[in-house]
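Please work through the following exercises with the sequence and the model at hand, trying each task before reading its solution.

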Amino acid sequence: MTTLHTVAATGALKLSWLLLAFPLFGAVVLLLGGRRSNRWGHLLGVAMPVAAFVYGLIAFFTLLGTSHRSQDLHLYSWIPVAGFQVNMNLLVDQLSICFVLLITGVGSLIIIYSVGYMSHDPERRRFFGYMNLFLAAMLLLVLGDNYLVLYAGWEGVGLASYLLIGFWQDRNSAAVAAKKAFIANRVGDAGLSVAIMLMFTEFGTVSFTGVFGTVGSAGSGVATALGLLLLLGACGKSAQVPLQSWLLDAMEGPTPVSALIHAATMVTAGVYLLVRSNPILALSPDARLAVALVGTVTLLFGGIIACAKDDIKKSLAGSTMSQIGYMTLGAGLGPAGYVFSIALLLAHGFFKAGLFLGAGSVMHGMNDEVNMRRFGGLARVMPITSVTFGLAYLAIIGIPPFSGFFTKDPIIDADFTEHGTAGNVLGTLALIGAGITAFYMTRMMFMTWYGRRRWEAGAHPHESPPVMTWPMIVLAIGSVGAGAFLIVNDRLQDFLAPVVGVPPESHGFFTAPGLVALAFALAGVALGWAMYGRTPVPSEASRGSLLTVAARKDLYGDAFNESVLMRPGQWLTRLSVYFDNRGVDGLVNTLAAAVGGTSGRVRRLQTGFVRSYALFMFFGAALLVFGLLVVRL
Amino acid sequence: MSPIHYVALSVILFVIGGVGVLVRRNAIVVFMCIELMLNACNLAFVAFARMHGNLDGQVIAFFVMVVAAAEVVVGLAILMAIFRARRSASVDDANLLKY
């Protein structure tokens, strides 16, 4: 088990607030600047993330050059209450700096790409403002040194994703997708917030050091509860089953947003939360098993969906779900998996951003067409995009020596050594997942780049401008080399060891499960070639098998939510309204009507004849006298 | 003659007055009946003062006379006003203030 020991920040790290300040400044200026900043807005929007990345690099090398690699920067006291202290502190350590480099690095590339992609959009400035806000929130999430600051960033990410998914808010589908993403995220957020409350009641603190230091003495029940609640939070942000349904609809946003959500920010937050909370997971094998189970289910779920989608972005979204499933699975394996989970996350940041930007580049050249059945034979006309896409493809399916091989196979390998029998089952499923990954990616390759040209009339595909191709080239280089760089010589493992612990033993790169995974991947490629490379792809989708139909409908994820959660909720509201109208209102109205009716009749006593009043008075007085006599006698 | 006879007389006068108030329609007569009831009360007060041997009842009888005088002044004025407006002194005709 690892615990967190921090020292006060020194030297260049005293400026780590700049990481937040740059994108936040960009967001504030661009969102408040109005139309005046339209002309230069995108330049500022690019400059701020790049500046943050440059500072991130400085911080990284400063950290490498010191032995105190867990540095805490105190900004101010956020909630100073007796017995409960929450500081606005930034924690720069091995884990968070990895994320900082990923977020700012890949984020900057995506934002540079957006300059070209969004060049015709009249709202480009607002787009860059939101993108900066997104990065700032994500950086706050990974830099917070306690769960409450993390939660603030967590919510900021949710807000920014809502704004960006619904960026084209005049489209109804985008508005609905944004709301859906926000609500699905709120479910996960509830889990995280309850976890934070539990930490407060159990430990009296929410800081990482405080919680990790005392969780050991709290018993495994609390650790399991915390682990499961954190898993729920991670499910929401990382689109894991059962909160996965928002991710596919999130494709309504502009393509760079998809790239940013899927590669650098947002969906990685859940994995970060789980890996960061590793001292809690270490105490609860049950929670770890639940994490691994969720990851495995999701990696198959996403893969199957990706196989059936004709929309290139949705297919990639399914792929993201599947890859994040691998990361979650890795996080559920304990110290044997954390490092590889992070390694896959970093490598995935490169190749998935490359794939999405490639898809965006194709859409840019094809009048925003997303149906792969309308693509085909694009490799000739978009050579740069096709090559970068192809390199990312080789990386994601895990062909050595590309990065997927080094980062995904160790997770599958570790699966067979952890969790006993359950681990073997999970490992086998993960192997099948590797085959599925290869199949759907091969399908995508052949449908998009090779074969007959099935373009719509009037489509004139062309290569994208350099401002879009250069980020893709850089990402392709990352997809090729990141995995080998991080894993060979245990670079990332040694770097992260103080935070997440050391894997038990290394089996080398070509272990039995690794070779089987490779074989599965090659089989998937072969199947994909047989179905979509050798035989021509029809322009219209066939009806397909039962599984295909289910996968096209996201494996009935929406239908499930609708019938299990939405309909009963609507029934409940209708029942409440009925009860309110007939029950509560009915009672009140009946009482009022009874009083009104009675008084209407009693009113008739007021006849206007003075003599009848006098009669009443006499009788009243007589009654009074009689009463007095009775009491007296 | 013992004072109890005076009390009996006052009861008789009071009942005559009360019945008069209830059954007569002419406002003047109703008024006179009210005066009759007041004076029946005065008679009872004086009789009781005699029976108990103190002056309280006699004093109250004077107060009642004062109140009765004031009441006649106001009441007759109202009566005049109503008669002028409605050309009638019947209490049953003045029945506009009702449900």
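## Exercise 1: the setting of one threonine

With a relative accessibility of 0%, A:Thr448 counts as buried, because buried means under 20% relative accessible area. The model in which this is read is a predicted one.

Task: Determine in which helix A:Thr448 is found, and with which residues A:Thr448 is in contact once neighbours within four places in sequence are left aside.

Solution: The residue belongs to helix 18 of chain A, which covers residues 420-449. With the sequence neighbours within four places set aside, the contacts of A:Thr448 are A:Ile312, A:Val362, A:Met372, A:Phe375, A:Gly376, A:Gly377 and A:Leu378.

## Exercise 2: salt bridges within chain A

Task: Find the partner with which A:Asp310 meets in a salt bridge, decide whether the two residues are buried or exposed, and then treat A:Arg374 in the same manner.

Solution: Begin with A:Asp310, whose side chain meets that of A:Arg443 at 2.9 Å, N to O. Since A:Asp310 lies in the loop between helix 13 (285-308) and helix 14 (312-331) of chain A while A:Arg443 lies in helix 18 of chain A, the pair ties together parts that are 133 residues apart in sequence. Both A:Asp310 and A:Arg443 are buried.

Turn next to A:Arg374, which meets A:Glu456 in a salt bridge at 3.4 Å, N to O. A:Arg374 sits in the loop between helix 15 and helix 16 (383-397) of chain A and A:Glu456 in the loop between helix 18 and helix 19 (466-487) of chain A, so that this pair ties together parts 82 residues apart in sequence. Here A:Arg374, at 17% relative accessibility, counts as buried, whereas A:Glu456 is partly exposed, with a relative accessible area of 40%.

## Exercise 3: the contact between the chains

Task: Describe the contact between chain A and chain B by its buried area, its residues and its salt bridge.

Solution: First take the area, which is about 1100 Å² buried between chain A and chain B, with 63% of it given by carbon and sulfur atoms. In chain A, the residues that lose the most area to chain B are A:Phe609, A:Arg611 and A:Phe618, which together make up 52% of what that side buries.

Then take the residues, of which 11 come from chain A and 14 from chain B.

Finally, the count between the two chains is one salt bridge, and B:Asp92 forms a salt bridge with A:Arg611, with the closest N and O atoms 2.6 Å apart. The side of chain A that touches chain B divides into five nonpolar, three polar and three charged residues.

Key
Residues numbered from 1 in each chain as written. Chains lettered and ligands numbered in written order. Predicted model: local features only at pLDDT ≥ 70, side-chain atom pairs only at ≥ 80, totals over all residues. Heavy atoms only, no water. Helix = DSSP H or I, 4+ residues; strand = E, 2+ residues; numbered from the N terminus. Buried < 20%, exposed > 50% of the residue type's maximum accessible area, 1.4 Å probe, protein only. Contact = heavy atoms within 4.5 Å. Buried area = accessible area lost by both parts, 1.4 Å probe. Salt bridge = Lys/Arg side-chain N within 4 Å of Asp/Glu carboxyl O. Nonpolar A, V, L, I, M, F, W, Y, C, P; charged D, E, K, R; others polar.
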